[in-house]
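Reader: I have the sequence and the model open side by side. Please take a close look at one part with me, the surroundings of the ligand, and then follow the chain outward from there.

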Amino acid sequence: MIKAKIADLLNSDQFLQEVEVKGWVRSFRSNRFIAVNDGSTINNIQCVIDFENTPEDVLKRITVGAALMIKGTLKESLGSQQSVEVEVTSLEILGDANPEEVKLTILSPKKHSLEKLREQAHLRIRTNTFGAVMRVRSKLSFAVHSYFQQNNFHYVNTPIITGSDAEGAGEMFKVTGMDLNNPERDEKGNINYKEDFFGKETNLTVSGQLEAETYAMGLGQVYTFGPTFRAENSNTSRHLAEFWMIEPEVAFCDLDGNMDLAEDFIKYVVSYVLENCKDDLEFLENRLKDDEKTKPAAERSELDLLEKLKFVTENNFKRVSYTEAIDILKNSKPNKKKKFQYPIEEWGADLQSEHERFLVEKHFKCPVILFDYPANIKAFYMRLNEDGKTVRAMDILFPGIGEIVGGSQREERLDVLKEKMKALDIDEKELWWYLDTRKFGTCVHSGFGLGFERLVLFVTGMTNIRDVIPFPRTPQNAEF
Ligand code: 4AD
Ligand code: MG
């Protein structure tokens with residue numbers, strides 16, 4: 001008896017072998033053909049029952065969503081949809097799914113909108129689209145570790161609860177230290193909500209960078225891959241309050257080395273999924289093709305999903321300084337009729353996503369690395385250039401996404417760093433440990449942060465970031 005996952009059975013040629021399959025019913029046709037899925041692949045396995053010899057009460061319980069254990073014989077299929085099928089010899093219902101109740105959920109077999117699926121995030125994983133997206137997400141995570149481990153990077157877990165604001169942007173969720181079982185109360189009996197974590201002000205991390213820098217100063221090359229939190233109340237299709245970030249940090253590496261690393265890394269992980277997620281990516285590509293048909297011709301994408309992914313792995317990213325980009329944007333319009341919503345008037349302005357997307361999608365038509373930004377629109381830790389007004393920052397912009405990576409060469413000079421902190425009113429006492437890295441064996445070093453969900457968005461062709469993380473945390477949604 002072969003107990004295998006459906007993904008393996010579908011590729012098997014061990015015909016006439018006895019197999020056991022456990023999974024959920026996706027459809028049941030003609031009282032004969034059950035399509036079963038176990039999550040191992042986008043494809044279902046067809047299980048054929050002899051309904052004349054199956055008791056009526058069992059037949060009734062073979063309903064969409066029910067969990068089954070099937071034993072049977074693996075056979076070559078005569079149907080055009082699949083190459084193998086299982087001729088059922090025994091069938092056990094492991095868990096019923098009442099059709100009347102299923103009808104009220106997104107498990108009911110009809111096309112539901114992504115918005116509707118989001119309302120039932122706990123069930124949407126049983127749909128083809130979410131199965132495909134989440135398997136690709138899982139493979140991408142593996143590829144992230146595989147890239148860094150193969151290249152001699154060490155994986156570091158930086159704190160989730162922290163006293164520092166790595167980005168200096170003040171977009172933090174506070175951590176409170178209240179003991180729920182024994183809360184402090186005022187005279188009226190109301191709970192005193194503490195604003196602190198055991199006497200210290202702390203928050204959920206916005207980035208593990210500063211801690212990762214301290215580790216790069218000992219381990220040489222490190223990377224983090226963990227959850228980060230931003231209390232920005234932005235309801236866009238690119239922002240989450242809780243997202244996963246990958247942050248490599250490398251000693252003795254300048255901005256050029258940083259750009260090379262980021263480009264090589266992205267190309268590796270995209271190639272990895274192209275190689276290892278073929279069925280899921282093909283499914284996602286076809287899904288997009290159906291969507292594209294409903295759009296006006298001018299808005300349709302020129303490349304299919306797989307072509308888009310291959311393009312990224314095969315072509316150099318365009319490297320452009322902020323100053324060059326501003327010149328391009330000053331003289332451009334997003335299209336003949338329309339101006340930018342926020343026209344670029346002068347050097348020093350921060351780029352909005354409309355500008356980023358124009359550069360990538362209309363002007364260069366490839367991923368773009370923008371570097372050497374004005375110091376005053378970037379974080380305090382970035383290396384000041386000799387011109388005294390720009391910093392060695394880089395952002396990587398992707399088609400359909402906008403910013404996917406933000407990084408920089410770090411300010412390694414203690415005196416310059418202290419001056420910068422003073423100008424921005426950042427208390428030296430709070431970052432004494434960070435300043436120590438510049439006191440003891442400081443060196444040129446660089447790193448970047450890649451928003452994992454933005455990468456998953458790009459690779460799967462999904463359009464809303466809420467649809468590429470299992471349980472999205474947004475200003476409206478924190479139920480689970
Ligand atoms: O540009 P950010 O804010 O950079 C940092 O946090 C640096 N400390 C990284 C570093 O140098 N180690 O964020 C990095 C990336 C962005 O480019 C974007 O892809 C993603 O994180 N990101 C978000 N993704 C989803 N939702 C949000 N609210 C995000 N904010 C940033
Ligand atoms: Mg950024």
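Author: Happy to, and one definition helps at the start: Ala, Val, Leu, Ile, Met, Phe, Trp, Tyr, Cys and Pro count as nonpolar, Asp, Glu, Lys and Arg as charged, and the others, Gly among them, as polar. By that scheme the shell around ligand 1 is made up of 7 nonpolar, 9 polar and 7 charged residues. Please keep in mind that this is a predicted model, in which local features need pLDDT of at least 70, side-chain atom pairs count only at pLDDT 80 or more, and totals for chains, interfaces and linings use all residues. Residues are numbered from 1 along each chain as its sequence is written, while chains are lettered from A and ligands numbered from 1 in the order in which they are written.

A residue is near the ligand if its C-beta atom, placed from the backbone, lies within 6 Å of it. There are 23 residues around ligand 1, and those that come nearest are Ser 207, Gln 209, Gly 406, Gly 449 and Gly 451. Two or more shell residues each come from strands S12 (242–251), S16 (402–409) and S17 (445–451), and from helix H14 (452–460). Strand S16 gives the largest share, 6 residues. Helices (H or I, at least four residues) and strands (E, at least two) are DSSP runs, numbered from the N terminus.

Two of these elements, S12 and H14, lead us to helix H5, as both are among the elements that its buried residues pack against. The others are strands S7 (154–155) and S11 (221–229) and helices H7 (255–276) and H8 (278–293). A residue is buried if 20 or more other C-beta atoms lie within 10 Å of its own, exposed if 12 or fewer, and partly exposed in between, with C-beta atoms placed from the backbone. The buried residues of H5 include Phe 130, Val 133, Arg 135, Arg 137, Leu 140, Tyr 147 and Phe 148. H5 covers residues 128–150, and because a helix should span 1.5 Å a residue, its 23 residues should reach 33 Å; the end C-alpha atoms are 33 Å apart, which agrees. The expected span here is 1.5 Å times one less than the number of residues.

Just after H5 comes Asn 152, with a positive phi of about 65° although it is not a glycine. Most residues other than glycine have a negative phi. Asn 152 is in the loop between H5 and S7, and it is exposed, with 9 other C-beta atoms within 10 Å.

Stepping back, an automatic or database assignment sets the domain bounds, giving domain 1 (2–110) and domain 2 (130–171 + 206–467). Their C-alpha centres lie 43 Å apart. Between them, 4 residues of domain 1 are in contact with 5 residues of domain 2, contact meaning that the C-beta atoms, placed from the backbone, lie within 7 Å. On the domain 1 side, the touching residues are 1 nonpolar, 3 polar and no charged.

For the whole chain, the count is 14 helices and 17 strands. Of its 480 residues, 37% are buried, and the C-alpha atoms fill a box of roughly 85 × 65 × 45 Å along the principal axes.

Technical notes
Contact = placed C-beta atoms within 7 Å.
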